[in-house]
Amino acid sequence: MPPAEGIDLAALRARFEDLRQRQAQDTALRQPASAQTLAQIESTAAAIAELEAGQQLTSWRAQTFAVLAQSFQAAVPHALPAGIAPGAQPDIALAVVDAQATLYAQPVTDAEMVVRSVTDRTTMLRIAESGPFSLVWSAGDGFAFVLSQFRQVY
């Protein structure tokens, strides 16, 4: 049968081949995902959730510490304990105080000023730096001074 007039056979064949390739791709896409693909999807979703949680914590921490620092600055000198260096500014951060570190009521290593010795690594808020000491705070101890070499700031 001869081709109809006005119809480009080569273009029609190209269009037909294009449609067959689309049909093959569509069929392949309808197949269930492989175990490897599912595992990649799950691990990516978990990573996204972890990053979102980390961002929320970081944002909360920054906002909370900024408000706390502002409240200390507004109340200075009454809010900070005696012994803090003049002009010390609040610089609030999470800190871990090493086990066996000593907490002092004043920034001096005097036995009469000992608040307590830390038995385990303890998380506290670092409030400010005062010479070789860090002013720290915890709910149990309130304000105390610790030698800066015995704490890590995060």
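## A salt bridge within helix α1

Asp18 and Arg22 are joined by a salt bridge in which the closest N and O atoms are 3.5 Å apart. Because the two residues are 4 positions apart in helix α1, Asp18 and Arg22 are separated by about one helical turn. With a relative accessibility of 28%, Asp18 counts as partly exposed. The model in which this contact is found is a predicted one, and a search of the whole structure finds 7 salt bridges.

Helix α1 spans residues 9–29 and also contains Leu12. Together with Ile7 and Leu9, Leu12 forms a nonpolar patch on the surface, and the three residues have about 270 Å² of accessible area together. Leu12 itself has a relative accessibility of 49%, so Leu12 counts as partly exposed, since the exposed class begins over 50%.

## Overall layout

The chain is made up of 2 helices and 7 strands, and from the N terminus on these elements follow the order α-α-β-β-β-β-β-β-β. Of the 154 residues in the chain, 24% count as buried.

## Strand β1 and its two partners

Strand β1 covers residues 93–97, and 4 of its 5 residues are buried, so this strand is largely enclosed by the rest of the structure. Strand β1 pairs with strand β4 (residues 122–130) in the antiparallel sense over 5 bridges, and with strand β7 (residues 151–153), again in the antiparallel sense, over 3 bridges. Val97 takes part in both pairings, having Thr122 as its bridge partner in β4 and Arg151 as its bridge partner in β7. Elsewhere in the pairing with β4, Leu94 stands opposite Leu125.

The loop between β1 and β2 (102–104) holds Gln100, a residue other than glycine whose phi is nevertheless positive, near 75 degrees. At 62% relative accessibility, Gln100 counts as exposed. A salt bridge links Arg121 with Asp98, the closest N and O atoms being 3.4 Å apart. Arg121 lies in the loop between β3 (114–117) and β4, while Asp98 lies in the loop between β1 and β2, so the pair ties together parts that are 23 residues apart in sequence. Arg121 has a relative accessible area of 49% and is therefore partly exposed.

## Strand β4 and the nonpolar core

Strand β4 is mostly covered, with 7 of its 9 residues buried. The largest nonpolar core has 12 residues, namely Phe65, Ala69, Ile84, Ala88, Ile92, Tyr104, Leu125, Ile127, Ala128, Phe133, Leu135 and Phe145. At least two residues of this core are supplied by each of α2 (35–75), β4 and β5, and the largest share, 3 residues, comes from β4. One of the core residues, Ile127, lies in strand β4 and counts as buried at 1% relative accessibility. The C-alpha atoms of Ile127 and Ala144 are 9.8 Å apart in space, although the two residues are 17 positions apart in sequence.

Strands β4 and β5 pair in the antiparallel sense over 5 bridges, and within this pairing Ala128 stands opposite Leu135 in β5. The hairpin formed by these strands has 2 residues between them, and Gly131 in this hairpin takes a positive phi near 65 degrees.

## The aromatic pair

The structure holds 1 aromatic pair. The ring centres of Tyr104 and Phe133 are 6.2 Å apart and the ring planes stand at 90 degrees, so the pair is edge-to-face, the cut-off for that class being over 60 degrees. Tyr104 lies in strand β2 and Phe133 in strand β5 (residues 133–138), so the pair ties together parts that are 29 residues apart in sequence. Tyr104 is buried, with a relative accessible area of 10%, and Phe133 is likewise buried, with a relative accessible area of 5%.

## A network of charged side chains

The side chains of Glu129 and Arg126 meet in a salt bridge with an N to O distance of 2.9 Å. Glu129 is partly exposed, with a relative accessible area of 30%, whereas Arg126 counts as buried at 7% relative accessibility. Salt bridges that share partners join Asp91, Arg126, Glu129 and Arg151 into one network. Arg151, a member of this network, is also the residue in β7 that forms the bridge partner of Val97.

Terms used: Residues numbered from 1 in each chain as written. Predicted model: local features only at pLDDT ≥ 70, side-chain atom pairs only at ≥ 80, totals over all residues. Heavy atoms only, no water. Patch = residues over 30% accessible without salt bridge, like charges linked within 9 Å, V, L, I, M, F, W, Y side chains within 5 Å. Areas by Shrake-Rupley, 256 points an atom, 1.4 Å probe, with all protein chains shown as cover. Salt bridge = Lys/Arg side-chain N within 4 Å of Asp/Glu carboxyl O. Buried < 20%, exposed > 50% of the residue type's maximum accessible area, 1.4 Å probe, protein only. Pairing = 2+ DSSP bridges. Phe/Tyr/Trp six-rings, centres within 6.5 Å; stacked < 30°, edge-to-face > 60°. Core = buried A, V, L, I, M, F, W, Y, C linked by side-chain atoms within 4.5 Å.
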